[in-house]
Amino acid sequence: MSGQSEIQPLRFLPSPVPYDPSPEMRDLMAKCPVSKVALPDGYPVWVSTGFQETREVMIDQRYSRELVFAPGGKVFGVDVAAEGGILAMDPPDHTRLRKLVSGAFTERRIAGLRPQVTEIVDDLIDGMLAGPRPADLAGSFSRVLPSRVMCLLLGVPAEDTAQFRGWSDQFFGAWSRPQEEVLQAFAALGAYMADLIARKRTEPADDLISVLVDARDTGGKLSETELVNFCIALLAAGYETTANMISLSFALLCQNPAELARLRADHGLIPQAVEELLRYVILSGTGNIGLPRVTREEVSLGGITIPAGEIIIPAFNYANRDPAVFEDPDRLDVTRDPRTHLAFGAGAHFCLGAQLARLELQEAFRGLLARLPGLRMTVPLPELEFREDQAITSVLELPVTWDDA
């Protein structure tokens, strides 16, 4: 098979179920593991939804992130602010920057943070118990936990969290959002981070930003622009995805009461349940199906020939529903062990914070299920409100209540 004659228009229709593929994406997934589509402005790109094909795009160096930002290229969504940062690099530059912080994200180092994460979880639940019911799980817990954890890791003052949350919401705008808005948020984050870096230079601490500042100033291992952009990427990526993953995962569990009951009865299932939730929940919001690559040469992917210089988007969230890899993929099963999922990507751009995200999700559900008996949503799923035009599905409020102990 050497190509496709038909180019399907992709309109980024919202899904009626926030953590599921939209009917439009389901249609795309059913047709072929690799499809040529037209973005809403008519620009043609390729999309991979098959698991093996998507993994290949992520790990094979013939598919380049760097070429996305070549002169005259097509850049959209969050990528309008990614140029010059680690997400816009291929090896060896990507490897050089990643090595600077990889030690801070080892499984052993992250495991050492568990007591502090547990303490934050308990503190947030204490606040919920002391407040009115129903409570807003998204506002009082899901969004606060990862922001406090990232502050702890990076060395961002806790009093600044509300400020950078606002910038993050704007930064992760959808494909259709005006590029000026995304760039304004990126510039504000950049100015804030440059000021914080200046403070770390005079008052270094035991945190990741201080480590990066030292790598810049004593070793010359990254430029000042790379330093600022790297800190922004760590802060923004570590907050937005985990915050919304907690909320959407709980909403999903509420729609699957038998699976929720299993977790309540056996907290030992939580680590593998987190992996299943990561596989199942589609975080892609309006206009977001993955970070694009550009083919360095002609390639054959899923039996389709793609010329050099073409954009291909690895839709990893959707590849996690591939029935060729996951039996009955649209069924949530907290006893499944889907370790092969692509929720954190693969290859050079495998998520640095994967172990940290796992830890936060595990401790979040341990705390919520142990300390809030019968925790449940107080509104049906269709009544939940979501932020409009976001690249990551983001619930505005998640009203919940629980039984008295």
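Reader: How do the residues lining the second largest cavity divide into nonpolar, polar and charged?
Author: In this predicted model, the lining of that cavity includes Val-57, Met-58 and Pro-91, along with Arg-65, Asp-90 and Arg-293. Gln-61 and His-349 line the cavity too. By class, the residues of this lining come to six nonpolar, two polar and three charged.

Reader: Thanks! And how much space lies in that second largest cavity?
Author: The structure holds two cavities of 30 Å³ or more. For the second largest of them, the space is about 70 Å³.

Reader: Arg-293 caught my eye in that lining. What is its bridge partner in S9?
Author: Arg-293 is indeed one of the residues that line the second largest cavity. Strand S6 covers residues 293-295, and S6 pairs with S9 in the antiparallel sense over two bridges. Within S9, the partner of Arg-293 is Ile-312.

Reader: Which residue of S3 has Ile-312 as its bridge partner in S9?
Author: Strand S3 spans residues 44-48 and runs parallel to S9, with three bridges joining the two. One of the bridge pairs links Ser-48 to Pro-314. The residue whose partner in S9 is Ile-312 is Trp-46.

Reader: Are the residues on the two faces of S9 buried or exposed?
Author: In a regular strand, side chains alternate between the two faces of the sheet. Strand S9, residues 311-314, has Ile-311 and Ile-313 on one side, with Ile-312 and Pro-314 on the other. Both faces are covered, and these four residues are all buried.

Reader: What is the strand order of the open sheet of six strands?
Author: S3 joins S9 through three parallel bridges, and S6 pairs with S9 in the antiparallel sense. The pairing in the sheet is therefore mixed, and the edge strands, each pairing on one side only, are S1 (8-9) and S4 (63-64). The full order is S1-S2-S3-S9-S6-S4.

Reader: Which residue in the turn of the S2 and S3 hairpin has a positive phi?
Author: Strand S2, residues 34-38, runs antiparallel to S3 and is joined to it by five bridges. Ser-35, for instance, has Val-47 as its bridge partner in S3. The hairpin has five residues between its strands, and the one in the turn with a positive phi, of about 90 degrees, is Gly-42.

Reader: Moving to the packing, which residues have the most contacts inside the largest nonpolar core?
Author: Nonpolar side chains tend to be buried together in soluble globular proteins. Here the largest nonpolar core has 101 residues. Helix H11 (residues 224-254) gives the largest share of this core, 18 residues. The residues with the most contacts inside the core are Phe-105, Phe-141, Leu-145 and Met-193.

Reader: How many residues are in the second, separate core?
Author: This second core is separate from the one that holds 101 residues. Its members include Leu-39, Val-47, Ala-82 and Ala-88. The second core has 21 residues.

Reader: Which helices give two or more residues to the lining of the second largest pocket?
Author: That pocket has a volume of about 240 Å³. Its lining includes Leu-100, Val-101, Leu-152, Leu-153, Leu-208 and Val-211. By class, the lining has eight nonpolar, one polar and three charged residues. The elements giving two or more residues are H3 (93-102), H7 (144-154) and H10 (208-219).

Reader: Where is the cis peptide bond with omega near 0 degrees?
Author: One cis peptide bond, from Pro-91 to Pro-92, has omega near 10 degrees, and Pro-92 is found in the loop between S4 and H3. For the bond with omega near 0 degrees, look to the loop between helix H5 (114-130) and strand S5 (135-136), the place of Pro-134. That bond runs from Arg-133 to Pro-134.

Reader: Why does Thr-401 count as buried?
Author: Thr-401 lies in strand S11, residues 399-401. Beyond residues up to four places away in sequence, Thr-401 touches Arg-133, Gly-374, Leu-375, Arg-376 and Thr-378. A residue is buried when its relative accessible area is under 20%. Thr-401 counts as buried because its relative accessibility is 16%.

Key
Residues are numbered from 1 along each chain as its sequence is written. This is a predicted model: local features need pLDDT of at least 70, side-chain atom pairs count only at pLDDT 80 or more; totals for chains, interfaces and linings use all residues. Side-chain values use heavy atoms; hydrogens and water are left out. Buried means under 20% relative accessible area, exposed over 50%, partly exposed in between (1.4 Å probe, protein chains only). A nonpolar core is a set of buried Ala, Val, Leu, Ile, Met, Phe, Trp, Tyr and Cys residues joined through side-chain atoms within 4.5 Å. On a 1 Å grid over the protein atoms alone, a cavity is a set of points where a 1.4 Å probe fits but cannot get out, and a pocket is an open set with protein on both sides within 12 Å along at least five of seven lines; lining residues have an atom within 4 Å of a point. Grid points are joined across faces, edges and corners, and a volume is the space filled by probe spheres set on the points. Ala, Val, Leu, Ile, Met, Phe, Trp, Tyr, Cys and Pro count as nonpolar, Asp, Glu, Lys and Arg as charged, and the others, Gly among them, as polar. Contact means heavy atoms within 4.5 Å.
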